[in-house]
Amino acid sequence: MTSPAVSSRDLPHPTREEIRLEGVLHALSDPMRLQIVRELAAVGDELTCSQFDLPVTKSTTTHHFRVLRESGVIQQIYRGTAKMNGLRKDDLDDLFPGLLDALLGAATRQAGRLGGA
């Protein structure tokens with residue numbers, strides 16, 4: 001059986017069954033990655049990498065997006081020259097009911113308590 005042709009721009013993502021709780025928790029344990037996920041959840045749609053205003057270098061930003069993608073928290077796809085990022089909310093909610101909402105709520109409360117965004 002021949003596998004379908006894959007574009008060199010296709011990025012590897014775990015299947016729903018491959019997403020692991022410890023990988024998700026690790027990905028969300030970093031403040032920059034949590035900020036990315038909070039922004040995606042707030043918008044409820046896909047955003048390009050350049051739409052995030054992170055106080056880190058471009059290479060560090062790329063690393064954060066890769067960790068989120070490889071853990072199954074986000075999906076990244078190319079549309080033309082733009083790399084679009086979307087939260088895998090349905091997958092995460094099916095695998096770990098209530099986890100994402102609880103973490104996002106806790107992050108919002110913490111940001112309010114500490115005076116952050």
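**Exercise 1. The Arg79 bridge**

Find the salt-bridge partner of Arg79 and place both residues in the fold.

*Solution.*
Step 1. Arg79 forms a salt bridge with Glu46, and the closest N and O atoms are 2.2 Å apart. The model is predicted, and side-chain atom pairs count only at pLDDT 80 or more.
Step 2. Locate the two ends. Arg79 lies in strand 2 (residues 74–79), while Glu46 sits in the loop between helix 2 (31–43) and strand 1 (47–48).
Step 3. Draw the consequence. The pair therefore ties together parts that are 33 residues apart in sequence.
Step 4. Check accessibility. Arg79 is partly exposed, at 45% relative accessible area. Glu46 is partly exposed too, at 25%.
Step 5. Set the pair in context. The structure holds eight salt bridges.

**Exercise 2. Charged residues around helix 4**

Trace the salt bridges of Lys89 and Arg88, and decide which of the residues are buried or partly exposed.

*Solution.*
Step 1. Begin with Lys89. Its side chain meets that of Asp93 in a salt bridge, 2.8 Å from N to O.
Step 2. Consider the spacing. Lys89 and Asp93 are four residues apart in helix 4 (residues 89–95), so about one helical turn separates them.
Step 3. Read the accessibility. Lys89 is partly exposed at 31%, and Asp93 is partly exposed at 22%.
Step 4. Move to Arg88, in the loop between strand 3 and helix 4. Arg88 forms a salt bridge with Asp91, with closest N and O atoms 2.9 Å apart.
Step 5. Apply the cut-off for buried, under 20% relative accessible area. Asp91 is buried at 14%. Arg88 is buried at 11%.
Step 6. Widen the view. A network of salt bridges links Arg16, Arg88, Asp91 and Asp94.

**Exercise 3. The surroundings of Arg88**

List the residues in contact with Arg88, leaving aside neighbours within four places in sequence.

*Solution.*
Step 1. Recall the setting: Arg88 counts as buried, with 11% relative accessibility.
Step 2. Collect the contacts with lower numbers. They include His13, Pro14, Thr15, Arg16 and Ile19.
Step 3. Complete the list with Gly72, Val73, Ile74 and Gln75.
Step 4. Compare with the salt-bridge network. Arg16 is one of the contacts of Arg88, and Arg16 also belongs to the network with Arg88, Asp91 and Asp94.

**Exercise 4. The sheet**

Work out the strand order, and say which strands stand at the edges.

*Solution.*
Step 1. Take strand 1 and strand 3 (residues 82–87). Two bridges join them, and they run antiparallel. Across this pairing, Thr48 stands opposite Met84 in strand 3.
Step 2. Take strand 2 and strand 3. Six bridges join this antiparallel pair. Here Tyr78 stands opposite Lys83 in strand 3.
Step 3. Inspect the turn. The hairpin of strand 2 and strand 3 has two residues between the strands, and Gly80 takes a positive phi near 65 degrees.
Step 4. Assemble the order. The three strands make an open sheet, 1-3-2, with antiparallel pairing.
Step 5. Name the edges. Strand 1 and strand 2 each have a single partner strand, so one side of each is left without a neighbour in the sheet.

**Exercise 5. The cavity**

Describe the largest cavity by its volume, its lining and the class of the lining residues.

*Solution.*
Step 1. Count. The structure holds one cavity of 30 Å³ or more.
Step 2. Size it. The largest cavity has about 40 Å³ of space.
Step 3. Name the lining: Val24, Leu28, Leu92, Phe96, Leu99, Leu100 and Leu103.
Step 4. Assign the lining to elements. Helix 1 (21–28) and helix 5 (99–114) are the elements that give two or more residues. Helix 5 supplies the largest share, three residues.
Step 5. Classify. The lining has seven nonpolar residues, no polar ones and no charged ones.

**Exercise 6. Asp53**

Place Asp53 in the fold, and state how far it lies from Gln35 in sequence and in space.

*Solution.*
Step 1. Asp53 is found in the loop between strand 1 and helix 3 (58–71).
Step 2. Asp53 is exposed, with a relative accessible area of 67%.
Step 3. Asp53 and Gln35 are 18 residues apart in sequence. Their C-alpha atoms are 9.9 Å apart in space.

Methods
Residues are numbered from 1 along each chain as its sequence is written. This is a predicted model: local features need pLDDT of at least 70, side-chain atom pairs count only at pLDDT 80 or more; totals for chains, interfaces and linings use all residues. Side-chain values use heavy atoms; hydrogens and water are left out. A salt bridge is a side-chain nitrogen of Lys or Arg within 4 Å of a carboxyl oxygen of Asp or Glu. Buried means under 20% relative accessible area, exposed over 50%, partly exposed in between (1.4 Å probe, protein chains only). Two strands pair if DSSP finds at least two bridges between them. On a 1 Å grid over the protein atoms alone, a cavity is a set of points where a 1.4 Å probe fits but cannot get out, and a pocket is an open set with protein on both sides within 12 Å along at least five of seven lines; lining residues have an atom within 4 Å of a point. Grid points are joined across faces, edges and corners, and a volume is the space filled by probe spheres set on the points. Ala, Val, Leu, Ile, Met, Phe, Trp, Tyr, Cys and Pro count as nonpolar, Asp, Glu, Lys and Arg as charged, and the others, Gly among them, as polar. Contact means heavy atoms within 4.5 Å.
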